[in-house]
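The following paragraphs lead through a single protein chain, moving from one helix to the overall fold and then to particular side chains. The sequence and the structure are shown first.

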Amino acid sequence: MTRTGPSPQAWIILVIGVLTQMAATIAIAGPAFLIPYMHTDLGFTLTQAGTVAAAPSFGLILTLIAWGAFADRYGERLAMTLGIGLTAVFSAVAVLVVDSPIWMVIVIAASGAAAASVNSASGRVVMGWFPRHRRGLAMGIRQMSQPLGTSIAAVTIPPIAAAGGFPAYLWYVAAVSGALALICFALVRNPPPSIPTRTEVADPDSATDVPDASLPTPAADGNGSTRPGATSAINPYRSDSFLWRIHGVSALLVIPQFAFSTYGLIWLIADQGIHVGTAGAIVAAAQIIGAIGRMVVGGLSDRTSSRVGLMRVVAIAAVVSVVAIAALSLTELPVVAAIVFILASAVSVADNGLAFASVAEAAGPRWSGKAMGAQNTGQFVMSALLGPGFGALVTAFGYPLSFGLIALAPLLSIGIIPRQDVDRIT
């Protein structure tokens with residue numbers, strides 16, 4: 001059987017989706033790298049500077065689902081162009097209020113709220129342009145954009161601020177976001193309607209899955225997933241429990257991910273006695289390897305024709321890796337700790353592309369924007385709670401027991417992962 005590969009337009013859309021998400025990430029994550037500058041040069045208190053740094057994420061959380069609904073109704077091209085364009089506008093407006101902490105919080109939050117459009121719409125457009133047997137790889141590549149955007153922000157923003165202050169950073173975001181808005185308007189095309197062909201429906205080489213009693217029994221599409229036919233108009237949250245379970249699994253699996261990304265540096269320094277510069281390099285390496293891992297795991301899910309099956313493997317690996325970090329916290333083994341930390345960090349982010357692909361496929365073309373918005377919202381809310389929560393655990397119980405408790409999250413997720421994929425797009 002010959003499968004039709006992605007069109008050249010699909011790859012163009014993927015590149016634009018990655019670049020636009022990177023620009024949105026720079027706008028959202030950027031202020032965190034300017035906390036020292038806000039404190040020393042602008043005279044903000046640490047509380048005020050921290051609030052400004054958190055403002056884009058707060059705006060993002062408030063509008064993710066709304067932007068997803070907008071993309072579902074009006075299309076991805078308009079959502080991406082309007083959202084990233086407004087990010088540029090609000091960043092430029094922020095230059096006028098750079099000396100006021102209150103107005104900075106309001107305008108920077110509005111910038112994050114606008115950038116949220118990219119999170120839902122870029123994933124939605126990528127899923128629409130790629131056939132099922134390449135969606136895992138495509139979403140894995142798309143999910144690389146956030147760690148890459150954060151890395152670019154970390155490298156570019158401090159020297160830009162050092163040269164031109166906070167206004168220079170804001171103009172930098174406005175220029176990058178504005179350029180991407182023009183590119184989205186010129187090159188992004190909404191995906192064509194998905195009409196399954198006879199070849200897509202009958203794949204004799206597909207793997208079979210054990211039916212999940214908690215889910216309905218729709219027709220198999222021959223690619224390791226189920227395709228309930230013309231049900232895209234039905235609310236997928238009411239038709240079965242699949243989306244709810246994937247949202248729950250992702251919320252649990254994001255706990256070790258943010259524990260490592262937020263407290264990994266201090267763990268390497270304080271618990272393992274690693275030099276600050278070396279620890280920073282280890283964390284950077286973990287981010288890069290994690291980004292590559294998302295792409296590899298996504299491609300593997302295409303080959304195995306099962307997103308949720310691979311997600312279960314990732315969850316088990318996450319349990320093992322977090323327990324290993326907890327055990328290493330009992331003693332100083334810096335070389336071993338560095339290697340295990342990089343592997344554990346990579347494992348902790350490996351499910352992201354799988355989860356987003358599963359959510360979009362199960363939601364169908366009329367609900368995928370809202371569903372991916374809900375997926376992102378749950379993860380961001382959980383990460384916001386984890387920041388102070390894990391810090392309180394470490395203060396009370398130390399690193400070994402705290403990481404041991406964190407391992408319960410991926411352990412619980414194993415029992416929630418559905419047994420088979422659901423595909424309402426193909």
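Helix α10, which spans residues 242-271, has a kink of about 60° centred on Tyr263. Of the 30 residues of α10, 21 are buried, so this helix is largely enclosed by the rest of the structure. Just after α10, Gly273 adopts a positive phi of about 65°.

The model is a predicted one, and its confidence deserves attention before further details are read from it. Mean pLDDT for the chain is 83, with 89% of the residues at 70 or more. Residues 195-232, however, have a pLDDT below 50, although this stretch has 77 contacts in the model beyond near neighbours in sequence.

The secondary structure of the chain comprises 16 helices and 2 strands. The chain has 426 residues, of which 54% count as buried. Among contacts between residues at least 6 apart in sequence, 82% join residues at least 24 apart. The chain exposes about 17100 Å², and carbon and sulfur atoms supply 72% of that area.

One meeting of distant sequence segments can be followed at Leu64, in helix α3 (residues 46-74). Its relative accessible area is 0%, and Leu64 is therefore buried. Leu64 and Gly373 are 309 residues apart in sequence, yet their C-alpha atoms are 4.7 Å apart in space. Apart from neighbours within four places in sequence, the contacts of Leu64 are Ala116, Asn119, Ser120, Gly373, Asn376, Thr377 and Phe380.

Charged side chains also join separate parts of the chain. The count of salt bridges comes to 6. In one of them, Asp72 pairs with Lys370, with the closest N and O atoms 2.9 Å apart. This pair links distant parts of the chain, since Asp72 belongs to helix α3 and Lys370 to helix α15, 298 residues apart. Asp72 and Lys370 are both buried.

A salt bridge also forms between the side chains of Glu76 and Arg124, at 2.5 Å from N to O. Glu76 is in helix α4 (residues 76-94) and Arg124 in helix α5 (residues 101-129), so this pair ties together parts that are 48 residues apart in sequence. Glu76 counts as buried because its relative accessibility is 2%; Arg124, with a relative accessible area of 10%, is buried as well. What links these charged residues into a wider arrangement? Asp72, Glu76, Arg124 and Lys370 are linked in a network of salt bridges.

A further salt bridge is formed by Glu361 with Arg307, whose closest N and O atoms are 3.0 Å apart. Glu361 lies in helix α14 (residues 351-363) and Arg307 in helix α12 (residues 307-328), so parts 54 residues apart in sequence are tied together by this pair. Both Glu361 and Arg307 are buried.

The last feature lies on the surface. A nonpolar patch there is formed by Phe397, Leu401, Leu405, Leu408 and Leu411, with about 460 Å² of accessible area together. Helices α15 (368-406) and α16 (408-414) each supply at least two residues of this patch, and the largest share, 3 residues, comes from α15. Leu405 has its place in helix α15. Because its relative accessibility is 36%, Leu405 counts as partly exposed. Helix α15 thus holds Lys370, a partner in the salt bridge with Asp72, and also contributes to the nonpolar patch on the surface.

Methods: Residues numbered from 1 in each chain as written. Predicted model: local features only at pLDDT ≥ 70, side-chain atom pairs only at ≥ 80, totals over all residues. Heavy atoms only, no water. Patch = residues over 30% accessible without salt bridge, like charges linked within 9 Å, V, L, I, M, F, W, Y side chains within 5 Å. Areas by Shrake-Rupley, 256 points an atom, 1.4 Å probe, with all protein chains shown as cover. Salt bridge = Lys/Arg side-chain N within 4 Å of Asp/Glu carboxyl O. Helix = DSSP H or I, 4+ residues; strand = E, 2+ residues; numbered from the N terminus. Buried < 20%, exposed > 50% of the residue type's maximum accessible area, 1.4 Å probe, protein only. Contact = heavy atoms within 4.5 Å. pLDDT = per-residue confidence, 0-100. Bend = angle between axes of the 7 residues up to and from the residue.
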